[in-house]
Amino acid sequence: MKYHVWTEGCQMNVADSQRLESAFEKLGLENTPRAAEADVIVLNTCVVRQSAEDKAYSYLQSLRPIKDRHPETVIGLMGCLVGVKNNGRLKERFPWVDVFAPPSDPTPMVEFLRQREGLALDQSEVAERFAAQDNEIVLPLHQRGRLVAAHVPVVLGCSHACTFCIIPFRRGVERSRSVDEIMVEARSLVAQGVKEITLLGQIVDRYGYDLQSQISNLRSTIYNLQSQTPLVDVLRLMNDLEGLERIRFLTSHPNWMTDGLLDAVAELPKVCEHIEVPVQAGHDEVLARMKRGYTADDYRRLVEHIRRKLPGGSIATDIIVGFPGETEVQFQATYDLLAELELDVAHIAKYSPRPQTVAQRTMPDDVPPEEKERRRKAIEDLQEHIVGEINARLMGQTVEVLVEGEHKGKWRGRTRTNKLVFFEDSRTDWRGKLTNVAITRTGPWSMQGAVD
Ligand code: SAM
């Protein structure tokens with residue numbers, strides 16, 4: 001049997017799909033990049049904005065004729081469209097979907113196939129292939145030995161409840177995974193050729209605050225855990241993993257970034273100096289309506305502090321334009337803040353009302369679509385200019401690049417600060433290797449160079 005997984009959305013969904021694919025392969029299924037030839041098709045969905053949700057609906061519709069022609073094809077729906085509470089109305093709306101699974105949990109898919117197809121793990125060949133790694137995340141075959149940078153979720157769900165955000169409703173309350181689980185998964189990824197691991201959480205800096213008792217038990221047993229910020233303990237353990245070259249973590253929240261965490265980034269050689277810390281808006285009234293819990297000045301001070309602790313590091317942010325009630329003056333404050341701070345990346349989104357959220361229930365979506373687009377474009381143009389200038393300073397410098405693979409005849413990799421670099425060299429297989437690259441051309445979105 002063949003499976004096909006379609007993934008939309010954030011890195012967390014990419015990691016969830018990997019776990020699902022690995023579970024399918026343990027059942028003996030094979031991957032296919034073509035949905036039309038698959039026996040099992042799964043959509044791993046995102047609903048953070050209406051546009052992402054619409055993509056999932058349109059793909060779901062396109063599967064209907066396949067199901068009509070081949071009723072035995074299994075169609076699965078997973079992720080934030082389903083949510084942790086499993087929205088029963090989806091079954092009425094999409095009767096051709098056979099099985100629904102919440103985010104980060106492939107069990108319903110696997111159980112469905114086991115029951116319907118009588119698939120069992122004890123098929124000898126499959127059992128042998130996975131014997132050494134049972135209960136670990138094993139990459140799907142097509143990624144083993146090829147995937148250089150992987151993600152490991154460390155905090156599932158979110159309990160912060162920003163007024164615009166649907167994630168707590170769909171991914172549930174914040175739950176940290178155990179240190180053991182994370183380390184088993186990380187070791188298994190490294191054994192399969194992964195060189196860079198990004199630890200994921202909606203507020204990743206909050207890792208472990210819900211696990212204090214477990215952490216203190218571990219402290220006295222296998223691991224020598226000592227930090228006040230439990231994420232630092234995980235970073236230290238990861239830093240000791242032989243074969244792993246780089247570690248990243250995202251997403252941070254301005255209120256949970258500790259000195260201990262920044263010191264760990266500065267001190268641990270494998271942890272990259274790149275912080276993803278969304279500001280969302282630059283005006284205090286908008287930030288208050290978003291319930292972010294900080295002011296624009298707090299964010300300014302945080303950026304200064306990060307730069308003091310991590311000189312030469314990079315900072316990425318997220319911005320929402322057109323939040324309910326955002327006036328021209330308030331938008332301008334966001335624009336001015338970005339112009340002042342000159343951050344390395346700004347992910348810009350137009351506000352989209354999400355069901356159940358406080359903003360959707362109580363704040364009219366009153367910024368017209370054309371105005372949202374104008375604001376988005378203004379910030380995009382500003383950011384393009386800023387990043388173009390930041391990257392131009394790298395011209396002629398030598399940077400360390402971890403090569404992730406090939407793209408259109410060039411090697412493609414990233415600097416420690418998460419900037420894309422391309423270089424040509426047909427004599428060496430650079431995939432998965434660290435190399436120094438002298439930068440010969442720069443632009444806002446990527447750079448070109450030559451192996452030093
Ligand atoms: N947990 C992180 C935080 O907000 O601090 C980021 C999580 S969210 C998956 C990624 C981004 O999607 C957010 O930072 C925000 O900019 C954007 N986003 C979330 N809800 C949105 C909405 N209703 N409309 C537009 N963008 C939204």
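This passage walks through a few strands, helices and one residue of a predicted model. Residues are numbered from 1 along each chain as its sequence is written. Because the model is predicted, local features need pLDDT of at least 70 and side-chain atom pairs count only at pLDDT 80 or more, while totals for chains, interfaces and linings use all residues; side-chain values use heavy atoms, with hydrogens and water left out.

To begin with the sheet of three strands: it is open, its order is β6-β9-β10, and its pairing is parallel. Strands here are DSSP runs of E with at least two residues, helices are runs of H or I with at least four, and both are numbered from the N terminus. Two strands pair if DSSP finds at least two bridges between them. At the edges sit β6 (149-153) and β10 (246-250), each of which pairs on one side only. From one strand to the next, the twist averages 25 degrees; angles run from 0 to 180 degrees between N-to-C directions, and axes are lines fitted to C-alpha atoms, for helices over the stretch in contact. Five bridges hold the parallel pair of β9 (residues 196-200) and β10, and one of the matches puts glutamate 196 with arginine 246 of β10. Helix α1 (residues 11-26) packs on this sheet and touches β6, β9 and β10, its direction making about 95 degrees with that of β6.

Next come the helix pairs. Helix α12 (residues 296-309) packs with helix α13 (residues 328-341) at an angle of about 15 degrees, and their axes are 12 Å apart. That makes α12 roughly parallel to α13, a label for angles under 35 degrees (over 145 is roughly antiparallel, 65 to 115 roughly perpendicular, the rest oblique). The crossing of these two helices, α12 and α13, is right-handed, meaning that the near helix is turned clockwise from the far one by less than a right angle. On the α12 side, Ala296, Tyr299, Arg300, Val303 and Arg307 meet Leu337, Glu340 and Leu341 of α13, where contact means heavy atoms within 4.5 Å. By class, this contact of α12 with α13 has five nonpolar, no polar and three charged residues. Nonpolar covers Ala, Val, Leu, Ile, Met, Phe, Trp, Tyr, Cys and Pro; charged covers Asp, Glu, Lys and Arg; the others, Gly among them, are polar.

Helix α12 has another partner in α10 (residues 259-267): the axes come within 10 Å and cross at roughly 35 degrees. This crossing of α10 and α12 is right-handed. Asp259, Leu262, Asp263 and Ala266 of α10 meet His305, Ile306 and Lys309 of α12, a set with three nonpolar, one polar and three charged residues.

Further along the chain, β18 (residues 447-451) is joined to β16 (residues 420-423) by three bridges, in parallel, with phenylalanine 422 opposite glutamine 448. Strand β17 (residues 434-442) runs antiparallel to β18, and five bridges join them. Here threonine 442 stands opposite methionine 447, and β17 and β18 form a hairpin with four residues in between.

Finally, threonine 398 lies in strand β14 (residues 398-407). Its relative accessible area is 41%, so threonine 398 is partly exposed (buried is under 20%, exposed over 50%, partly exposed in between, with a 1.4 Å probe and protein chains only). Leaving aside neighbours within four places in sequence, threonine 398 is in contact with Asn436, Val437, Ala438 and Asp452.
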